[in-house]
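Visitor: I should like to request a close look at a single part of this structure, the interior. Please take the empty space there as the starting point and continue to the residues around it.

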Amino acid sequence: MPSSRRPRVPCVPTREVIAMSEALDPLAPGDAVKLYLDHREGELSSETLQSHRYRLEAFTEWCEKNGIHNLNDLSGRKLHSYRVDRREEDDLKPITLQGQLSTLRVFLKFCVSIDAVPESLPEKILLPTVSDGEQASRTTLEADRADRILDHLEKFQYASRDHVLLTLLWNTGIRMGSARALDIEDYDRDSPGIQLVHRPETDTPLKNQERGERWVALRGETATIIEDYIDGPRIDTTDDYGRNPLFSTSQGRASRSCIRSAIYTLTRPCQYVECPHGRDPETCEAMDRPHASTCPSSRSPHDIRSGAITAHLLDDVPIEIVSDRMNVSQQILDQHYDRRTEREKMEQRRKYLR
């Protein structure tokens, strides 16, 4: 009895597939990453560019490990294999994996523009689904804690660099990089305020570049503390570019790590109350300033910013004003920075419904 199966037809590439393959230019993964980072250098902040570099290094290492020496050889199936390997080998959280794959997708879109991969390849990267709760970190600095820390600083470290730093970050909600970028000349004594300026050529870029440039008004007490710091304990020095940094060290402008370390140190509860974790200050690793971040209750500069934004919103400052002052879109503000509880939001709405 004759078989009902059709004879197997060899898979022969179509003219379109052959043409597309021939149109691609061979390019090694590592070389492509260098071209991509060079292309984005003028568009991204130094921290974001560094983040892209780290994420893409993981991809190039995977390519090397799996014998992929030419991006022309990438396929949707191979990208899926990379996704699975990243998730399982490093046990990445969905939000972390989403960020890494999103960067890879942007990178591959660049590779499309230089004829290194097919046009359809970037969309073959499947991003993990992440809930709103997973997308936003929920740690923050609450207003009562901020007040206790600032009261402590006013009493024991008045007008010190740390006092001015936390006062400015808390009362304005500006980013850590924006605070670091400030020069003495950016402070206006006559009409208290600070001017944020994007100066990437002298190592003080703003996250949103020119779009982040603005004047930020200061309260009287904040201005007084800044002026007492400038006229008093501030270290009178210039940075590598001859500028006068507001937050100075004996070496020049305070580094990002210096500012970050200061914030972790200042927000340890043991600075002003008994340790809530039952640790002995004599043996606690977090008592050492470089390791202050190991304290479970210490907070990052991002937490200061989210707490400041939340405090402004709880004080009934219109969200449009908060958005402009903090240089963040209302959508991102709501998703990543607003830490008001649903109950607090309800009580605020109640004021307008009476």
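**Cavities and their surroundings**

Guide: When the whole structure is searched, two cavities of 30 Å³ or more are found. The model is a predicted one, and the description below is to be read accordingly. Empty space is revealed by rolling a probe the size of a water molecule over the atoms.

The volume of the largest cavity is about 80 Å³. Its lining comprises 13 residues, and those nearest its centre are Cys270, Cys275, Arg279, Cys284 and Cys295. Sorted by class, the lining of the largest cavity contains nine nonpolar residues, one polar residue and three charged residues.

The second largest cavity holds about 40 Å³ of space. Around it stand Arg161, Asp162, Leu165, Phe247, Ala254, Cys258, Ile259 and Ala262. Two helices, α8 and α11 (256-266), each contribute at least two residues to the lining of this second largest cavity. Six of its lining residues are nonpolar and two are charged, while none is polar.

Phe247, which belongs to the lining of the second largest cavity, leads directly to the nonpolar interior. The largest nonpolar core consists of 39 residues, and Ile194 and Phe247 have the most contacts inside it. At least two residues of this core come from each of α7, α8, α9 (176-181), β2, α10, α11 and α12. Among these elements, α8 is the greatest contributor to the core, with six residues. Helix α8 thus appears in two settings, in the lining of the second largest cavity and in the core.

The other residue with the most contacts in the core, Ile194, leads to the sheet. This sheet is open and has three strands, arranged in the order β1-β2-β3 with antiparallel pairing. Strands β1 (187-188) and β3 (214-217) each have a single partner strand and stand at the edges, so each has one side without a neighbour in the sheet. Backbone hydrogen bonds are the means by which strands of a sheet pair, in a parallel or an antiparallel sense. Two bridges connect β1 with strand β2 (residues 193-196), and this pairing is antiparallel; four bridges join β2 to β3, which also run antiparallel. Ile194 in β2 stands opposite Tyr187, and Ile194 likewise stands opposite Val216 in β3.

The two faces of an edge strand can then be considered. Side chains in a regular strand alternate between the two faces of the sheet. In β3, Arg214 and Val216 make up the covered face, whereas Trp215 and Ala217 make up the uncovered one. Val216, the residue opposite Ile194, therefore lies on the covered face of β3.

Several helices of the core also border an open space. The second largest pocket contains about 330 Å³ of space. It has 18 lining residues, and Asp147, Leu150, Trp170, Asn171 and Glu221 are those nearest its centre. The helices α7 (143-156), α8 (161-172), α10 (220-231) and α12 (301-314) each provide at least two residues of that lining, and α7 provides the largest share, namely five residues. The lining of the second largest pocket divides by class into six nonpolar, six polar and six charged residues. Helix α7 also contains Asp144, which is partly exposed at a relative accessible area of 45%. From Asp144 to Ala311 the C-alpha distance is 10.0 Å, although the two residues are 167 residues apart in sequence.

A further group of side chains concerns the aromatic residues. Seven aromatic pairs are counted. In one of them, Trp62 and Tyr82, the ring centres are 5.3 Å apart and the planes stand at 70 degrees, so the pair is edge-to-face, the class for angles over 60 degrees. The two residues, 20 residues apart, link distant parts of the chain, Trp62 being in helix α3 (residues 46-65) and Tyr82 in helix α4 (residues 76-89). Trp62 is buried with a relative accessible area of 8%, and Tyr82 is buried with one of 3%. Both belong to one aromatic cluster, formed by Tyr36, Phe59, Trp62, Tyr82, Phe107 and Phe110.

Notes: Residues are numbered from 1 along each chain as its sequence is written. Side-chain values use heavy atoms; hydrogens and water are left out. On a 1 Å grid over the protein atoms alone, a cavity is a set of points where a 1.4 Å probe fits but cannot get out, and a pocket is an open set with protein on both sides within 12 Å along at least five of seven lines; lining residues have an atom within 4 Å of a point. Grid points are joined across faces, edges and corners, and a volume is the space filled by probe spheres set on the points. Ala, Val, Leu, Ile, Met, Phe, Trp, Tyr, Cys and Pro count as nonpolar, Asp, Glu, Lys and Arg as charged, and the others, Gly among them, as polar. Rings of Phe, Tyr and Trp (its six-membered ring) pair if their centres lie within 6.5 Å; planes under 30 degrees apart count as stacked, over 60 as edge-to-face and the rest as tilted. Buried means under 20% relative accessible area, exposed over 50%, partly exposed in between (1.4 Å probe, protein chains only). Two strands pair if DSSP finds at least two bridges between them. A nonpolar core is a set of buried Ala, Val, Leu, Ile, Met, Phe, Trp, Tyr and Cys residues joined through side-chain atoms within 4.5 Å.
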